[in-house]
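Here's a walk through one model, from strands to helix to side-chain contacts. Have the structure open and follow along.

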Amino acid sequence: MANYTFEDFTPGRRFDFTKRTLTADAIIAFAGEFDPQPMHLDEEAGRASILGGLAASGWHTSAVMMRMLYEAYINGSTSEGSPGVDSMEWKRPVLAGDTLGGHCTVLDARVSRSRPQIGIVRFRAEVTNQRGETVAICEYINMMRLAGKEATHAHG
């Protein structure tokens, strides 16, 4: 696994996502636990809604995106976490059987003024379905340790 440090996150660099298919069972399980609205729990209710079928919660889509980010670059990086998300947009419904993919791109990067061993990297993630339609867009910050700066963090 690559060991990405702050210096590897140059503006314009792209990380592609591994595709993931959302099953009806997974959508219902997530919704039952975290967002039990009818269109996320029942196919008929989903078809009767403006979503057009059993639809994943936007929060489920976001959680899947997080896993794709982890697999694309966070695992094997010097990530120190994130201070937050600037924007999260759910552009289209994600229906049972949809396969999600996409990528994230580095927008900009700078060394922290208050913690010079940490870099602040701003990303834009775009999640697409199997038809290439954008289903979610997220802009967020990830803090990355600079090369050669010792740290104890989640990735060893």
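A quick definition before we start: a residue is called buried under 20% relative accessible area, exposed over 50%, and partly exposed in between. Arg-122 sits at 26% relative accessibility, so it counts as partly exposed. Keep in mind that this is a predicted model.

## Strands around E4

Let's start with E4, which spans residues 99-111. It pairs with strand E5 (residues 118-128) in the antiparallel sense, over ten bridges. Six residues make up the hairpin that takes you from E4 to E5. If you want a spot to check the register, look at Gly-101, whose bridge partner in E5 is Thr-128.

E4 also pairs with strand E1 (residues 14-16), again antiparallel, through three bridges. Here Asp-16 stands opposite His-103 of E4. Then there's strand E2 (residues 20-21), joined to E4 by two bridges and running antiparallel to it. Thr-21 has Thr-99 of E4 as its bridge partner.

## Helix H1 and its two sides

Helix H1 covers residues 24-34, and its buried residues are Ile-27, Phe-30 and Ala-31. Look down the helix axis and these buried residues fall within an arc of 100°, so they line one face of H1. Turned away from that buried side is a face carrying the exposed residues Asp-25, Ala-29 and Glu-33. And what covers the buried residues? Helix H2 (38-41) and helix H4 (58-74) are included in the cover.

## Salt bridges

How many salt bridges does the structure hold? The count is twelve. One of them brings Arg-122 and Asp-108 together, at 2.6 Å from N to O. Arg-122 lies in strand E5 and Asp-108 in strand E4, so this pair ties together parts that are 14 residues apart in sequence. Asp-108 is partly exposed, with a relative accessible area of 31%.

Arg-124 forms a salt bridge with Glu-126, with 3.0 Å between the closest N and O atoms. Both ends are partly exposed: Arg-124 at 25% relative accessibility, Glu-126 at 22%. Zoom out a bit and you'll find a network of salt bridges linking Asp-108, Arg-122, Arg-124, Glu-126 and Glu-139.

Glu-89 and Lys-91 also meet in a salt bridge, at 2.9 Å from N to O. Glu-89 is partly exposed at a relative accessible area of 34%, and Lys-91 is partly exposed at 46%.

## Aromatic pairs

A pair of aromatic rings is described by the distance of the centres and the angle of the planes. Searching the whole structure turns up ten aromatic pairs. One of them is Phe-30 with Phe-34, a tilted pair at 5.0 Å centre to centre and 45° between the planes. Both residues lie in helix H1, four residues apart, or about one turn of the helix. Is each one buried or exposed? Phe-30 is buried, with a relative accessible area of 16%, whereas Phe-34 is exposed at 57%.

Now try Tyr-73 and Phe-123: the ring centres are 4.8 Å apart and the planes are at 20°, so the pair is stacked. It links distant parts of the chain, with Tyr-73 in helix H4 and Phe-123 in strand E5, 50 residues apart. Tyr-73 and Phe-123 are both buried. Ring pairs join these two residues with Tyr-4, Phe-9, Phe-15 and Tyr-140 in a cluster.

Technical notes: Residues are numbered from 1 along each chain as its sequence is written. This is a predicted model: local features need pLDDT of at least 70, side-chain atom pairs count only at pLDDT 80 or more; totals for chains, interfaces and linings use all residues. Side-chain values use heavy atoms; hydrogens and water are left out. Two strands pair if DSSP finds at least two bridges between them. Buried means under 20% relative accessible area, exposed over 50%, partly exposed in between (1.4 Å probe, protein chains only). The arc is that of the directions from the helix axis to the C-beta atoms. Contact means heavy atoms within 4.5 Å. A salt bridge is a side-chain nitrogen of Lys or Arg within 4 Å of a carboxyl oxygen of Asp or Glu. Rings of Phe, Tyr and Trp (its six-membered ring) pair if their centres lie within 6.5 Å; planes under 30 degrees apart count as stacked, over 60 as edge-to-face and the rest as tilted.
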